[in-house]
Amino acid sequence: MSQPNNINKKLDELKIKIEWFYSDDFDLSKATKEYKNTIDLAKEIEKDLTSMKNEIKVLAEDFN
Amino acid sequence: MPEQTYTVSDFQAVCNQILDNAFAGVIIEGEVASFKINQGKFVFFDLKDESSSIGCFMMQFALRFPIEDGMRIRVKATPKITTWGKFSLTIQAIVPVGEGSLKKSFELLKKKLHTEGLFDPAKKRPLPTDLAKIGVISSTQAAGYADFCKILNERWGGLEVQVAHTQVQGISAADQIIRALKYFNEHSEVQIIAIIRGGGSADDLAVFNDEQLVRAIAASKVPIITGIGHEIDESLSDLAADLIASTPSNAAQMLTKDKRAEISNLYSELQRTARLLDDKLSAIIRDNRREIDATSRALITKVTTFEDSVKSYIQIVEQLNPEKVLERGYALISGKIAIGSIIQVITSSKQIQAEVKNVTTK
């Protein structure tokens, strides 16, 4: 299961991939492959987001 | 059996022992009268109702709410007979009670702490980025805590949440919350602390106006978000915190992104990118087609020009054809030009043999 930091890294990575299509670096010959990679990453993020669970732990310390 | 005889001091000590066993930490509610602070550290006042009054003593540092004559308060105290034989209460904790007293106490402390800069907006810290570890201070039995966890789990995952179970109302709650704050500041790596408590009466929420608690919140090294009560409730703890949520659920919303919205945004972005890609491909095809059309037009022009040139040449060559000259009425003559000789004459339609009869020079 991905941790939030990993998810945030993947979201950042996805943002960079999407920005490439809008940038001057855009290259038609690479576009199809890049778009497929972007879709794959988006699916991975969706899977991570859907499966991630929070770990809620009540501390044993007595604050009384 | 001989009757037991006490010294005055022994009897006073025995009475205090009995009082301590029977009433240590007794909770009493009443109205403040004759409030005074001696030497800046000893607090004296009377706690009274319609028919009775008891003298009270406490140390000034234990006074967690501003108190004035006429205020209704609830005290946690131990009754005692002093060496002068006076019955009094040694106060451990005080909370104001009733709307008027709470409001008065709130305003007095708010003014004092504001002057000290505890609520300075410039000191507020933002929500940490890449939030992974959250400390929560709440009663795990409270509805507000359940709401907080529900919204947190619905919206995001993968978070490590450490919960310090404390009372969130009553006379001991402030100290418990302060100890939990100390724990998170000194013994954990949480990135933010959420103080959570659902709605309640003004008396229930009074703990969050405790001076020491407000100071502990303002001094926390770890940023603090409060989600206390309902939208309309404002506590001094809220004012001292870095972030204020209107309710426990709102605190969970502020701490997390919504994964459903995140997934939806993700696919909207991809659709937008797909449209962009389609537009770029169409533009490239359009540009190429224009180039092909221009090249084609240039080629046709060149071919036409070449055809015209060829036609001109053909016309010139055709004009030089001897047959064309003959057609214009001329004749071609061959043979020796001398009197009596036979010469060949060719016209456009005939071949003639003729005899030369005369020759003169032009």
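## A tour of chain B, starting at B:T82

Select B:T82 to begin: you'll find this residue in the loop of chain B that links β4 (72-81) to β5 (87-96). Keep in mind as you click around that you're looking at a predicted model.

Is B:T82 buried or exposed? Buried, because its relative accessibility is 18% and the cut-off for buried is under 20%. To see some of its surroundings, add B:Q12 and B:S88 to your selection. Leaving aside residues up to four places away in sequence, B:T82 touches these two.

Now select chain B as a whole and switch to a cartoon view. You should be able to pick out ten helices and 13 strands.

Next, zoom out until the full C-alpha trace fits the window. Along its principal axes, the trace of chain B spans about 205 × 40 × 35 Å. How does its radius of gyration look beside that of a compact globule of 362 residues? The globule would come out near 21 Å, while chain B has 55 Å.

Try colouring chain B by burial. Of its 362 residues, 38% are buried. If you draw contacts too, take those between residues at least 6 apart in sequence: 61% of them join residues at least 24 apart.

Turn on the surface for the next stop. Chain B exposes about 21,200 Å², with 55% of that supplied by carbon and sulfur atoms.

Last stop: colour by charge. Chain B carries 43 positive and 44 negative charges, and the mean positions of the two sets lie 11 Å apart.

Definitions and conventions. Residues are numbered from 1 along each chain as its sequence is written. Chains are lettered from A and ligands numbered from 1 in the order in which they are written. This is a predicted model: local features need pLDDT of at least 70, side-chain atom pairs count only at pLDDT 80 or more; totals for chains, interfaces and linings use all residues. Side-chain values use heavy atoms; hydrogens and water are left out. Helices (H or I, at least four residues) and strands (E, at least two) are DSSP runs, numbered from the N terminus. Buried means under 20% relative accessible area, exposed over 50%, partly exposed in between (1.4 Å probe, protein chains only). Contact means heavy atoms within 4.5 Å. The radius of gyration is taken over C-alpha atoms; the globule rule is 2.2 Å times the number of residues to the power 0.38. Accessible areas come from the Shrake-Rupley method with a 1.4 Å probe; for residues, only the protein chains shown count as cover. Lys and Arg count as positive and Asp and Glu as negative; His and the chain ends are not counted. The place of a charge is taken as NZ of Lys, CZ of Arg, CG of Asp or CD of Glu.
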